[in-house]
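Trainee: I am new to this structure and would like a close look at a single part of it. Could you pick one helix and walk me through its surroundings?

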Amino acid sequence: MLEVRDLHASISDIEILKGVYLTVKAGEMHAIMGPNGSGKSTLAYVLAGKTNYKVTSGQALLDGQDLLGMLPEFRARAGLFLSFQSPLEIAGVRLDQFLRAGYNAIRKSRDEEEMDVLKFNRFLTTKLEMVELDESFTRRNVNEGFSGGERKRNEILQMAVLEPKLAILDEPDSGLDVDAVRTTAEGINQLRTPDNAVVLITHYQRILNYVVPDVVHIFINGRIVKTGGKELAEEVEAEGYDRFETAARASEPGT
Amino acid sequence: MATLAEPPNTSNKEVKDVLGQAYKYGFVTDIEAETIPPGLSEDIVRFISEKKNEPKWMLEWRLKAYHHFVSLLEKQQLPGWANVQHPPINFQDIIYYSAPKPKTLLASMDEVDPELLKTYEKLGIPLQEQKRLAGVAVDAIFDSVSIATTFKEELGKYGVIFCSMSEAVQNHPELVRKYLGSVVPYTDNFYATLNSAVFSDGSFCYVPKGVRCPFELTTYFRINTADVGQFERTLIIAEESSYVSYLEGCSAPMFDTNQLHAAIVELVTLDNAEIKYSTIQNWYPGDENGKGGVYNFVTKRGICRGNNSKISWTQVETGSAITWKYPSVILQGDNTVGEFYSVALTKGYQQADTGTKMTHIGKNTRSTIIAKTISAQHGSGTYRGLVRVMPKADNAWNFTQCDSLLIGDQCGAHTTPYVEVRNRSAHLEHEAFTSKVSEDQLFYCNQRGISTEDAHSMIINGFCREVFKQLPMEFAVEATRLLDANLEGAVG
């Protein structure tokens, strides 16, 4: 489903991604773990098409489509979803209106009929039930006055509504207490199907107690330095990233 | 290597098309009009008054205003304090009277010139349909003469008078005489003086005691003849415990020379009465180089004369080359409430200097000001407001919020709030912020599949929401559409 090859990207001429390789298949859940500042979020932003990052070389294909040549909204319509680490407020814009605009833009791009307000609201109700949120939630303005936890849950709700092929979740657990991590994880599990895939970016192993990844990648200094099964996450939990960082430095070209 | 190339099916062409989109309402209706040569003199004032078959007191009032205007002109006392720039106006170049011919009284809608009706249809207000449209009565002003008034009969059942100002002068002289100029005296300001001398027509509304007006009342103004100054005058009186909601909408076709529009609106509420006055203004803003466009110099003021009464102004200002208006409330009665909700959009080379004055005189008076200024391209928007608390206004309360949204880096937004408090018990709050539509917000929307154009529109409408929700439902929809249409091509 997702094929990333030798991806390099920089911001203000500083290289952040230094040759990322990543292959994700339908039905899989991948966890990307790494220390702060290693470039995990940059990978998410570059794949979603944030314009202040410059891709200098490499490839990223979603179901064979060249992602890097597309505007962000076309990537979203192609089935890519990014759950933001710090979702922004959009003052005065109601969440249900925002969701309907996105949902219909995606439908339209697939030549499907747009949903009217009534139909969409019914559809939204089922999604709200799925992620255990109250209907009043979507009558609030997008993230306006939301707590940290509510913002994160809102991202999961949006994922539920937009039904992406590939969801990249950028630290959906950061800043959450134990209970909130569990609810968020349950939401993510609910949304998994054999046809979609999830790339979960996280700093801590904590959330992986509730969502079980098929593949775990260790991301250090702009690259994936080690790939393995879920036992890799347990290694990180026990030993931290130091060992991987030392190994990564040793293997870096030119050192 | 890999760069952000636009996919072939992107809306780039559409964006360009939209950028070049011309003013949609720029057509001239081909009907014969009775127009007098340009220029202002005592004779012209007399001519207008005579044309309207006015009583002597009305003519005298006009002449007093005219002589005052001449003295202001001689002393060159033109207002110069607003944050707007324009070449001097030659008041002798303006045509002060124009009326569609033939001017006979129309018994029903069916007698209205079909060309006129077509014009209204192009404007999106099919008058024919209005009869069936529940809840909206329209008094349409075409150039200077009110063409048709619908719903008059229905309103009559409730004792509500809704007619043109000319008719009111004929049929309800006692009311006109009592209230005309009682809120905005002819000496009030330069353009108010000019209006008082030459006002051509306008709307008049009287809601009797205890009546809640069953419809939203609507007036649609349109300037059709080139070089016509439109000087309409509106007067609304809400008697004790009555309520009326009134909406005016404006548009003008394209002409190269600037047209002066100097209107006056006066509102009066007595005990426990409420007037809600909403404006959607979409006069021609001039072309992309700032040529042409309407000068909209308007004086709007209401007085809460009776206790517990309320006046609420809501305006959506998207048109005109220059807008200069400060819908104000004098809170004379005790426990009175004044409100001002405004969205002012400037793009191209538009300039807007707008805001309000809240004058607290009575006890326990409250006022709320929510002003949203949006500037794009070379637009310049200024909020100018005054909150004045008089010595006897115990426990006066005001909340002011003026926010600016900038789109692009060529535009400007200014905020000039004045506060004058002469009673220590007053409570005033002021909030203001200036923001830009952020790249991160746009990216967030894009990531949900929403195009950049749509995201802009959504964010801007969200910015205006507090004001739009004050508008009657159908007009809120209209305002949203108007804002979108005006912003197409100005963003992204």
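Mentor: Happy to; what follows is a walk along one helix of chain B and then outward from there. Please keep in mind that this is a predicted model.

Let us set the scene with the chain itself. Chain B holds 12 helices and 23 strands, and 55% of its 492 residues count as buried. Contacts between residues 24 or more positions apart make up 83% of those in chain B with a separation of 6 or more.

Now to our helix, H3(B), which covers residues 56-74 of chain B. Its 19 residues reach 27 Å from the first C-alpha to the last, close to the 27 Å expected at 1.5 Å a residue. Which of its residues are buried? They are Trp61(B), Arg62(B), Ala65(B), Tyr66(B) and Phe69(B). If you look down the axis of H3(B), these buried residues fall within an arc of 140°, so they line one face of the helix. A general point helps here: an α-helix has 3.6 residues a turn, so residues three or four places apart point the same way. Turn to the other side of H3(B) and you find Lys56(B), Glu60(B), Ser71(B) and Glu74(B), which are exposed.

Next, look at what comes before and after the helix. The loop between H2 and H3 of chain B contains Asn53(B). Asn53(B) has a phi near 55°, a positive value in a residue other than glycine. For comparison, most residues other than glycine have a negative phi. Is Asn53(B) buried or exposed? With 10 other C-beta atoms within 10 Å, Asn53(B) is exposed, because a residue with 12 or fewer is placed in that class. After the helix comes Gln76(B), whose phi is also positive, again near 55°.

What does the buried face of H3(B) pack against? Its partners are helix H2 (42-51) and helix H9 (190-198) of chain B. H9(B) deserves a stop of its own. Of its 9 residues, 8 are buried, so H9(B) is largely enclosed by the rest of the structure. The buried ones are Tyr191(B), Ala192(B), Thr193(B), Leu194(B), Asn195(B), Ser196(B), Ala197(B) and Val198(B). These residues pack against H2 and H3 of chain B, and also against strand E8 (233-238), strand E11 (264-269) and E13 of chain B.

E13(B) gives us a path onward into the strands. Strand E13 (residues 294-304) of chain B runs parallel to E16(B), and 4 bridges join the two. Within this pairing, Arg301(B) has Ser328(B) in E16(B) as its bridge partner. E16(B) is also joined to strand E18 (residues 351-360) of chain B by 3 bridges, again running parallel. There, Ile330(B) has Thr359(B) in E18(B) as its bridge partner. Both faces of strand E16 (residues 328-331) of chain B are covered. On one side Ser328(B) and Ile330(B) are buried, and on the other Val329(B) and Leu331(B) are buried.

Another spot to visit is Ser320(B), in the loop between strand E14 (310-317) and strand E15 (322-325) of chain B. Like Asn53(B), Ser320(B) is not a glycine, and its phi is positive, about 70°. Ser320(B) counts as buried, with 30 C-beta neighbours inside 10 Å, whereas Asn53(B) is exposed.

A further strand is worth a glance. His427(B) is found in strand E23 (residues 427-436) of chain B, and it is exposed, with 12 other C-beta atoms within 10 Å. The C-alpha atoms of His427(B) and Val389(B) are separated by 9.8 Å, while the two residues are 38 residues apart along the chain.

Finally, let us see where chain B touches its partner. Here 24 residues of chain B are in contact with 28 residues of chain A. On the chain B side, the elements that give two or more residues are helix H10 (439-447) and helix H11 (452-468). H11(B) gives the most, with 7 residues. By class, this side of chain B has 11 nonpolar, 7 polar and 6 charged residues.

Definitions and conventions: Residues are numbered from 1 along each chain as its sequence is written. Chains are lettered from A and ligands numbered from 1 in the order in which they are written. This is a predicted model: local features need pLDDT of at least 70, side-chain atom pairs count only at pLDDT 80 or more; totals for chains, interfaces and linings use all residues. A residue is buried if 20 or more other C-beta atoms lie within 10 Å of its own, exposed if 12 or fewer, and partly exposed in between; C-beta atoms are placed from the backbone. Two residues are in contact if their C-beta atoms, placed from the backbone, lie within 7 Å. Ala, Val, Leu, Ile, Met, Phe, Trp, Tyr, Cys and Pro count as nonpolar, Asp, Glu, Lys and Arg as charged, and the others, Gly among them, as polar. Two strands pair if DSSP finds at least two bridges between them. The expected span of a helix is 1.5 Å times one less than its number of residues. The arc is that of the directions from the helix axis to the C-beta atoms.
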